[in-house]
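Work through the exercises below with the sequence and the coordinates open. Each task is followed by a solution in steps.

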Amino acid sequence: MTFAQRLTAPGWYRAALGTALMFAFGGALVVGVRALYGWDPLFNWDAIITVGALIAAPFGYLVGIGCFDYWFYWASGRPTRPEDHSGHGARSWKDYFRVNTDHKVIGIQYIVTTMFFFIAGGLMAMLMRAELAQPGTQFVDPNTFNGLFSVHASLMIFLFIIPVFAGIANFVIPLMIGAPDMAFPRLNALSFWMLPIAGVMMLASFFVEGGAFATGWTAYAPLSTETPLGQQFFTVGVQFAGASSIATALNFLVTIITMRAPGMTFWRMPLLVWANFTTSLLVVIATPFIAGSQFFVLLDRSLGTHFFTPGAGGDVLMYQHVFWFYSHPAVYIMMLPGFGIISEVISTNARKPVFGYRMMAFSLVAIVILGFTVWAHHMFVSGMFSWLRVPMMITTMLIAVPTGIKIFSWLATLWRGVIHLRTPMLFALGFITMFTLGGISGIMLAVVPFDIHVSDTYFIVAHIHYVLFGGSVFTIFAGIYHWFPKMTGRMYDETLGKLHFWLSFIFFNLTFGPMHLVGIDGMPRRVADYAEQYATWNAIISISAFIFGASFLIFLYNMIASWRHGPAAAANPWRAHSIEWQVSSPPPIFNFDEIPTVVGGPYEYGTPGAVHAVFKEKAPAQVPAPAGGGGAPPPTE
Amino acid sequence: MESASIAAGHAAHDQEHEHHGPPEANVSSRVEAQFLGMLLFIVSELMLFGAFFTAYFFIRVVAESGWFPIDGQDLPVAIAAVNSGILLSSSLTMHWALEGARRGNRRALQVGLLTTFGLGLTFLTIQVNEYVHLGFPISENAQTSVFYGLTGLHGAHVVVGLTLLGMATTRAFRGHYSPEQHRGVEVPGIYWHFVDIMWIFVFSTLYIL
């Protein structure tokens, strides 16, 4: 391939070219307009970076990498090309670095990419714990520290927990419901390729004048409208992460509604499918609100609008209302898919049907609805309308009821089960205990007077990590271990997996447990220094945090080594009933030869001879199929 | 064990039939995927407008900052009303174009789409012209910020709608679409109707109320 051909064919060369061209275009636009109006200085680098690097360049990259090629061709109205499936499925490792429409490839792309950002965010946490190991300033100045915790949280939330769930679901859901792919495979690819833009922006913010955005992941106005350029990287980055998230959620909803296998009624769907269905509803409805809140900040910063200037008629608290109207549902976006994973793992490894299957599904729906009615419990100390406090306290406590239904149903599923303590099961059990603790501290925080006492202390940090690490991340580990054989066709090392679990479980508690105590004592969060009286606990927390961080290396080694050299996995190593386990490991490139028929529930463990889905009789399939048999075009447009 | 043998057989078959492509997906809903996708996209668009209307509500009602006319500057209601008429009539021509596609009347499809596109473009031009002659910048106060913010957001949606219509028009002139297969007209059409209906809300909250 000549260099010129490389620059015009979809791929990394064209992506680099597109990025550069669009950056130049955006920059020229800014300079041109400023010249036209005679503004001084002509080269306003804040504006050039915002328009050129943050807004224009990403589109150049997306076009260059090849996300839009098909649509450009389609829009031009030329004759329809027959689908040759050349962009579907991975035949070598290089295919993972191209725009690919196969949901299995996209799922793995998601998981590996988000792991990279997980490591980046984790290293920032390590640096923060190093700084906090003793009072005073050791390694970083306070402004850098503020940048560290802000970028840490933003990466973990927008670039790890939310998208890694999308990755796992991408791989598993179409197989689970008996679909050959997602409903919109090209949109699916676009969703994935938008994601790294957000992450790269957030990381890049460290290198601009004034340092990384330092306003926390919540970026409250008017602080965020007055901070240096780094803030802009968050404000725009979130838009790309949000757009990616909405597009994926829309795709899941359409796939689950329109592409289920025959016989797969809603009440025969595995609970992971239910979980992603409800999560996707939340994403589609709530995510535009964070887009809105960041648009206001962007406009206030760039165009001098006054959404948050009280002197000019603006309303500062409006930011928090709009932001939390997304960001409270977002904590369920970060938890419901994990609930689904846990239901799969527990019922498979306890060899019992999920207790109260319908209530498990209904409680997901209840969480979606109640999730929209609790946002202002984040604002008890903000000075909002005081009459809103008690209603928000009550709804917040109410939401513990559907969550409690789920916890007790899992416990009842375990009751008198034949429990196999494999790594995913250990993480599932760890999840139940840790998430319950985090849930209980959540109930404590719902109580207005207690919340006022511990607002902006380490109690909040402890709570968020018990629900997001002990909750979400444990379910992510459970899910990755559970489906690792299916994704890679190889088995992970069980001993290393168990070691990873026990180390992370013990040191997770030693890291975040004491934070409750220092929090109630009044140690403020988001500050680089602290009073002498918290020194002992903080030293213990930091040492635990380092071991906790190191335990992740075991996971990483296990995954990489097992992927390369692990023993081959059977199609169904866990003897699970759901459809993804009834195909080979890894699954065939088009998932199925023919779509299976669902004949029963997904969790009929313990019933002799029970099956969830059957494939058609083998006899007709063994007769050589006529040319073009099964060659229907994929459901794409 | 039955499942294991099926899986093994599956893998073997996959090698032989790989070039044939995927099996046809089961259709588990009467609603078409593209139609449903557009509806869900519109739901999320509604929520984005919802965020902007929330800003409007907080600034006008909660903060009691007042509304136009501010310092003697008012919004040109009459021009905007005429402009609304132009935009809303484009929904009718859109429907006409779609009916043309359904009945196999290519001329009606082409003229309908072109007219819709033209009306949308006219709306946008008048809107930009209004911006130029308003006499207050976006950075004057919170009310002007909300005014430009909401109308600008809507204008951006008109641009997206016009892009989709542009694609449909190009394809209509290059011989695509038939009475059996006209999803590429129908789906942008839904979006266009959404943009039109949204304008009714934007217009009545900003200009009339």
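**Exercise 1.** Find which backbone oxygen lies 2.5 Å from a polar atom of the side chain of B:Thr169, and place B:Thr169 in its surroundings.

Solution. Step 1: the backbone oxygen belongs to B:Leu165. A polar contact is a pair of N or O atoms within 3.5 Å; within protein, one must be able to donate a hydrogen and the other to accept it, and residues adjacent in sequence count only if both atoms are side-chain atoms. Step 2: B:Thr169 is part of helix α5 (residues 142-173) of chain B; helices (H or I, at least four residues) and strands (E, at least two) are DSSP runs, numbered from the N terminus. Step 3: the relative accessibility of B:Thr169 is 8%, so B:Thr169 counts as buried (buried is under 20% relative accessible area, exposed over 50%, partly exposed in between, with a 1.4 Å probe and protein chains only). Step 4: beyond neighbours within four places in sequence, B:Thr169 is in contact with B:Leu113 and B:Leu114, where contact means heavy atoms within 4.5 Å.

The model is predicted: local features need pLDDT of at least 70, side-chain atom pairs count only at pLDDT 80 or more, and totals for chains, interfaces and linings use all residues. Residues are numbered from 1 along each chain as its sequence is written, chains are lettered from A and ligands numbered from 1 in the order in which they are written, and side-chain values use heavy atoms, with hydrogens and water left out.

**Exercise 2.** Describe the interface between chain A and chain B: how many residues of each are in contact?

Solution. Step 1: the contact involves 70 residues of chain A and 58 residues of chain B. Step 2: about 5,500 Å² is buried between the two chains, and carbon and sulfur atoms give 68% of this area; buried area is the accessible area (1.4 Å probe) that two parts lose on being put together, summed over both. Step 3: the chains have 13 residue pairs in polar contact between them, both residues at pLDDT 80 or more. Step 4: elements giving two or more residues to the chain A side include α8 (230-258) and α10 (317-333). Step 5: α9(A) supplies the largest share of that side, eight residues.

**Exercise 3.** Compare the span of α18(A) with the span expected at 1.5 Å a residue, and inspect both ends.

Solution. Step 1: α18 (residues 494-521) of chain A has 28 residues and reaches 41 Å from first to last C-alpha, close to the expected 40 Å. The expected span is 1.5 Å times one less than the number of residues. Step 2: at the start, a side-chain oxygen of A:Asp493 comes within 2.9 Å of the backbone nitrogen of A:Thr495. Step 3: after the helix comes A:Gly522, with a positive phi near 105 degrees.

**Exercise 4.** Is A:Phe427 buried or exposed?

Solution. Step 1: A:Phe427 lies in helix α15 (residues 423-446) of chain A. Step 2: A:Phe427 counts as buried because its relative accessibility is 0%. Step 3: not counting residues up to four places away in sequence, A:Phe427 touches eight residues' worth of neighbours listed here in part, among them A:Phe474, A:Tyr481 and A:His500.

**Exercise 5.** Which peptide bond to A:Pro41 is cis, and where is A:Pro41 placed?

Solution. Step 1: the bond from A:Asp40 to A:Pro41 is cis, with omega near -5 degrees. Step 2: A:Pro41 sits in the loop between α2 (12-37) and α3 (45-65) of chain A.
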